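Q: I'd like a close look at one part of this model, and then a walk outward from there. Keep it relaxed, but keep the numbers in.

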Amino acid sequence: MSVERISLEDFKESFSSLTELTSVALGGRIVGVSDEFFAEAFHLLLVEPAPSMKGQFGPNGALFSGWETRRHNPNYDWCIIQLGTTGVLHGFDVDTANFNGNEAPAVSIYALHDPELKDPTHDDARWEEVLPRTDLGPDSRHLFKIPTSSSFNYVKINMYPDGGIARFRAYGEVVPVHPSTQTPFDLAHVFAGGRVLRMSDQHFGVGSNLILPGRGKNMGDGWETKRSRTKGHNDWVIIQLGTPGELTEVEIDTNHFLGNFPESCEIHALSVGADFDWNSTMPDNWTLILPRTKLGAHRQHYFEFENVEGRTYTHVKVTIYPDGGLKRVRIMGRKVEIVSPPWETVVQKAMTTPSSPSSSASTHQSQITVIPVGPLTSEEFVPFGQVIQAYSETNPKRSVIRVTPANGGTAEKFHKLSLLTSTYPAEVGPTTGISVYRCQPLQDISDGVTVLKTLERHPFTSQAFIPMGPGGGEGLDEPADSYLVVVAHNGVDDRPDMKTLKAFVASAAQGISYNAGIWHQPMTVLARSLDLACVETQIGDGSIMDCEILDLDATSTYILKLDP
């Protein structure tokens with residue numbers, strides 16, 4: 001199992017977008033414990049950081065805000081925790097704050113899922129190890145990132161052999177629970193899979209509190225920004241809904257915020273795909289669904305949305321003026337079932353074909369990369385080979401090519417657009433010839449999308465392909481006569497460097513020549529069959545293999561998407 005220790009400086013990057021599944025605010029609770037002689041285990045789940053209690057003593061000794069067991073355990077102590085909701089685990093924060101000389105020297109963590117929520121025992125055979133035994137240190141936070149797990153609703157922490165831990169937090173993704181598409185519910189709720197993605201400020205209270213269950217217990221479990229001193233200032237928070245939905249109304253709760261509630265708020269909504277990169281950009285096509293509206297202290301506000309009828313949204317942005325605190329935001333609406341586009345069927349089929357090396361992998365186990373397919377141009381193709389075509393007088397490429405009149409002035413000759421190369425040893429008798437490939441049209445394509453399955457290369461020779469016309473010689477009379485060109489450089493591991501992968505669509509007026517050693521997709525034509533002349537250098541005895549074919553494995557799926 002690959003476990004990564006995370007520095008405290010990288011906490012935000014690694015865990016801030018995840019949910020604290022052990023949080024008591026979600027319903028996390030201590031189920032059972034082997035021993036808690038010096039300090040009770042409930043402290044592990046407290047929201048606030050562990051305070052120092054130095055110099056304070058109780059009947060059993062020094063007081064600590066944490067879980068501390070008695071000394072001289074011959075094996076290990078354990079504590080079972082029920083998560084607030086079923087989730088997929090991504091990592092842990094094991095904090096030994098204030099324990100120095102009596103800290104737990106090492107821990108391991110196990111997890112299980114019980115669909116009936118029947119509390120397990122410490123020796124239940126279903127426990128799965130998710131963090132192997134790992135050393136800890138005194139008075140410090142220890143962050144661990146683990147491979148994505150299955151779904152669990154219980155965790156068990158083993159402490160070797162005994163000692164103290166101040167706080168324990170398990171981070172992951174909620175397994176959402178949704179009612180039917182006809183039933184309105186809070187689409188932003190944490191149990192529905194809602195997530196707080198970004199916010200302008202969270203000086204006094206974190207943004208993720210906005211989507212927690214209940215109305216909280218004080219100002220500390222809401223979202224509160226610092227006081228602004230700039231005219232026209234506002235603060236904002238972006239919430240990803242647990243599912244795309246048709247929105248109806250919002251509840252804005254300022255419970256416990258008396259002299260520090262916002263003067264007003266407004267809400268915008270947006271629909272973007274799951275692959276949108278929120279870390280690198282901010283969208284600018286928000287739709288206003290609640291105009292700026294006055295708010296009051298310590299109350300629940302209910303507003304109906306505008307501009308939502310017949311529209312589906314995935315995110316909302318709540319803006320408060322000028323600053324202040326909110327307790328909860330409830331975005332009410334109905335779930336919209338997104339019908340998968342037909343091309344997703346093509347992708348899934350390609351990943352589960354028995355003849356494919358991807359057949360044992362499911363979609364969520366394979367990293368999917370979409371490669372846009374654009375028109376073939378000589379400028380973009382030059383790192384991989386040459387484009388063979390005639391150029392108009394206005395094309396800049398023409399100026400670097402020798403062009404002369406031919407055929408008594410009725411034609412133009414474009415000289416040496418591609419040179420044949422070969423590194424075969426002379427003694428094997430290489431010869432250059434012209435072959436013809438009659439290529440049938442690609443079948444596994446829908447909505448301009450297909451899956452890249454195979455790459456090949458020819459280490460000793462360049463290889464040129466020149467379209468001749470539709471298979472059968474009907475003549476070139478349709479714009480559909482085109483073919484895919486997919487190329488990649490060789491990597492340091494003598495396999496394709498997929499970071500260099502490029503994809504183009506070539507017209508029947510364009511030929512191509514691959515440089516020797518360039519990885520490329522086997523000739524793949526679109527719409528209807530096409531004959532292509534192939535110019536290459538070959539040897540006849542097969543003593544040297546110049547065609548290496550590589551079937552792509554299941555760890556990554558590359559989708560080729562043609563421009564509409």
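Where is the place of Asn 407: which two strands does its loop lie between?

A: This is a predicted model, so read everything below as computed from predicted coordinates. Asn 407 sits in the loop that runs between strand 26 (403–406) and strand 27 (411–414). What makes this residue worth a stop is its backbone: phi is positive, about 55°, although Asn 407 is not a glycine. As background, most residues other than glycine have a negative phi, and most peptide bonds are trans. As for its surroundings, Asn 407 is exposed, having a relative accessible area of 60%.

Asn 98 makes a good companion case. Here phi is near 75°, again a positive value in a residue that is not glycine. Asn 98 belongs to the loop between strand 7 and strand 8 (106–112). With a relative accessible area of 27%, Asn 98 counts as partly exposed, whereas Asn 407 counts as exposed.

While we're on backbone oddities, there are cis peptide bonds to look at too. Tyr 160 and Pro 161 are joined by one, with omega at about -15°. Pro 161 is in the loop linking strand 11 and strand 12 (164–165). Another cis bond runs from Tyr 321 to Pro 322, where omega is near -15°. Pro 322 lies in the loop between strand 21 (313–321) and strand 22 (325–326).

Now for where these spots fall in the chain. The domain assignment splits the protein into domain 1 (4–174), domain 2 (185–335) and domain 3 (371–562). Going by those bounds, Asn 407 falls in domain 3, Pro 322 in domain 2, and both Asn 98 and Pro 161 in domain 1. The C-alpha centres of domain 2 and domain 3 are 52 Å apart.

The database record has something to say here as well. In an unreviewed entry, UniProt lists "domain: Allantoicase" for residues 27–174 and 193–335. In the model, the span 27–174 is 47% strand and 0% helix, and its end C-alpha atoms lie 13 Å apart. For 193–335 the make-up is 45% strand and 0% helix, with 12 Å between the end C-alpha atoms.

Back in domain 3, there's an open sheet of 5 strands, ordered 25-34-31-37-28, with antiparallel pairing. Its edges are strand 25 (385–388) and strand 28 (431–439), each of which pairs on one side only. From one strand to the next, the twist averages 20°. Inside that order, strand 31 (residues 463–469) and strand 37 (residues 530–538) run antiparallel and share 6 bridges. One pairing to pick out: Phe 465 has Cys 534 of strand 37 as its bridge partner.

Cys 534 also turns up in the sulfur story. The structure holds 0 disulfides. Take Cys 547: the closest cysteine sulfur to its own is that of Cys 534, and at 10 Å it is too far for a bond. Cys 547 is partly exposed, with a relative accessible area of 31%, while Cys 265 is buried at 0%.

Finally, follow Asn 98 back to strand 7 (residues 77–95), which has plenty of neighbours. Strand 7 is mostly covered, with 18 of its 19 residues buried. In general, strands of a sheet pair through backbone hydrogen bonds, either parallel or antiparallel. Here is how the partners of strand 7 line up:

- Strand 3 (residues 29–33) pairs antiparallel with strand 7 over 4 bridges, and Val 33 stands opposite Cys 79.
- Strand 11 (residues 151–160) runs antiparallel to strand 7 and is joined to it by 8 bridges, with Trp 78 opposite Asn 158.
- Strand 13 (residues 167–174) is antiparallel to strand 7 too, with 8 bridges between them, and Val 88 has Glu 173 as its bridge partner.
- Strand 10 (residues 141–145) meets strand 7 in the antiparallel sense over 5 bridges, and Gly 91 is partnered by Lys 145.

Strand 11 ties back to the cis bond as well: its range, 151–160, ends at the number of Tyr 160, the residue joined to Pro 161 in the cis sense.

How values were computed
Residues are numbered from 1 along each chain as its sequence is written. This is a predicted model: local features need pLDDT of at least 70, side-chain atom pairs count only at pLDDT 80 or more; totals for chains, interfaces and linings use all residues. Side-chain values use heavy atoms; hydrogens and water are left out. Buried means under 20% relative accessible area, exposed over 50%, partly exposed in between (1.4 Å probe, protein chains only). Two strands pair if DSSP finds at least two bridges between them. Domain bounds come from an automatic or database domain assignment. UniProt positions are given in the numbering used here, feature names are shortened, and annotations may be inferred rather than shown by experiment. Axes are lines fitted to C-alpha atoms, for helices over the stretch in contact, and angles run from 0 to 180 degrees between N-to-C directions. A disulfide is a pair of cysteine sulfur atoms within 2.5 Å.
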